[in-house]
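The following exercises concern the structure shown below. Each task is followed by a solution in steps.

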Amino acid sequence: LNKKTKCLTVPNFIKDTKDTKDIEREKQIISVGRLSAEKGFDRLLLIWEKFLVNNEGYILKIVGDGQEKENLIRLARSLDISDSVVFTGFLSNDEVIEEIRKSKIYVMTSLQEALPMVLIESISKGTPIVAYDVRVGPRAIIEDGYNGFLVKENDIKTFVEKLDFLLKENDVYSTMSKNAITSANRYSEKNLKDIWFEILN
């Protein structure tokens with residue numbers, strides 16, 4: 001309701017927005033974050049169970065640690081998907097970036113977010129994103145159909161369909177990967193410095 005205060009959000013920058021290294025993608029889908037309830041990894045495991053029906057041989061790599069780890073391991077076991085889910089535990093930032101680089105898709109099923117740096121890092125590596133369209137966060141980075149897909153919250157069927165589509169349509173995947181790198185340029189150090197100089201001057 002405040003119509004007087006002008007607000008401008010300036011995100012953090014990433015140093016490397018130009019990825020010229022040849023990328024050898026593995027049959028791997030990745031998600032990174034604290035293993036806590038609000039990150040919704042239980043929802044991701046339910047998606048993964050459905051995804052595997054028509055996509056054998058893929059690995060879901062969940063990077064991070066937290067209080068829900070044992071519960072998630074038990075859930076994976078109860079869904080009979082343990083063989084295709086890898087819980088890496090904590091990894092360094094460089095290791096995370098490398099895992100994102102070699103993954104086909106980044107997935108996010110959080111219940112809430114702010115402005116996730118990991119999504120910016122993902123598009124900078126040309127890794128398209130499929131994410132639930134929660135109130136804040138993913139929509140600020142993902143342009144639906146351009147560098148990833150936004151899915152209505154808790155719509156498991158559509159989430160799986162978007163994963164299937166990206167993995168089966170090579171031309172679409174290639175275009176979306178290139179678009180992801182292009183869209184990451186807005187988070188370059190130079191672009192964000194220019195915004196700050198404009199504000200401060």
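**Exercise 1.** Across which strands does α6 lie, and at about what angle does α6 run to β5?

Solution. The model is predicted: local features need pLDDT of at least 70 and side-chain atom pairs pLDDT 80 or more, whereas totals for chains, interfaces and linings use all residues. Residues are numbered from 1 along each chain as its sequence is written, and side-chain values use heavy atoms, without hydrogens and water. Helices (H or I, at least four residues) and strands (E, at least two) are DSSP runs, numbered from the N terminus. Helix α6 lies across β1, β4, β5 and β6. Its direction makes an angle of about 175° with β5, where axes are lines fitted to C-alpha atoms, for helices over the stretch in contact, and angles run from 0 to 180 degrees between N-to-C directions.

**Exercise 2.** Determine which residues of α6 are buried, and where they fall around the axis.

Solution. Buried (under 20% relative accessible area, 1.4 Å probe, protein chains only) describes Phe159, Val160, Leu163, Asp164, Leu166 and Leu167. Viewed down the axis of α6, the buried residues occupy an arc of 165°, so they line one face of the helix; the arc is that of the directions from the helix axis to the C-beta atoms.

**Exercise 3.** Describe the sheet.

Solution. Six strands, in the order β3-β2-β1-β4-β5-β6, make an open sheet with parallel pairing; two strands pair if DSSP finds at least two bridges between them. The edge strands, β3 (85–89) and β6, each pair on one side only. Between β5 and β6 there are four bridges, and Tyr132 stands opposite Val151 in β6.

Terms used:
Buried < 20%, exposed > 50% of the residue type's maximum accessible area, 1.4 Å probe, protein only. Contact = heavy atoms within 4.5 Å.
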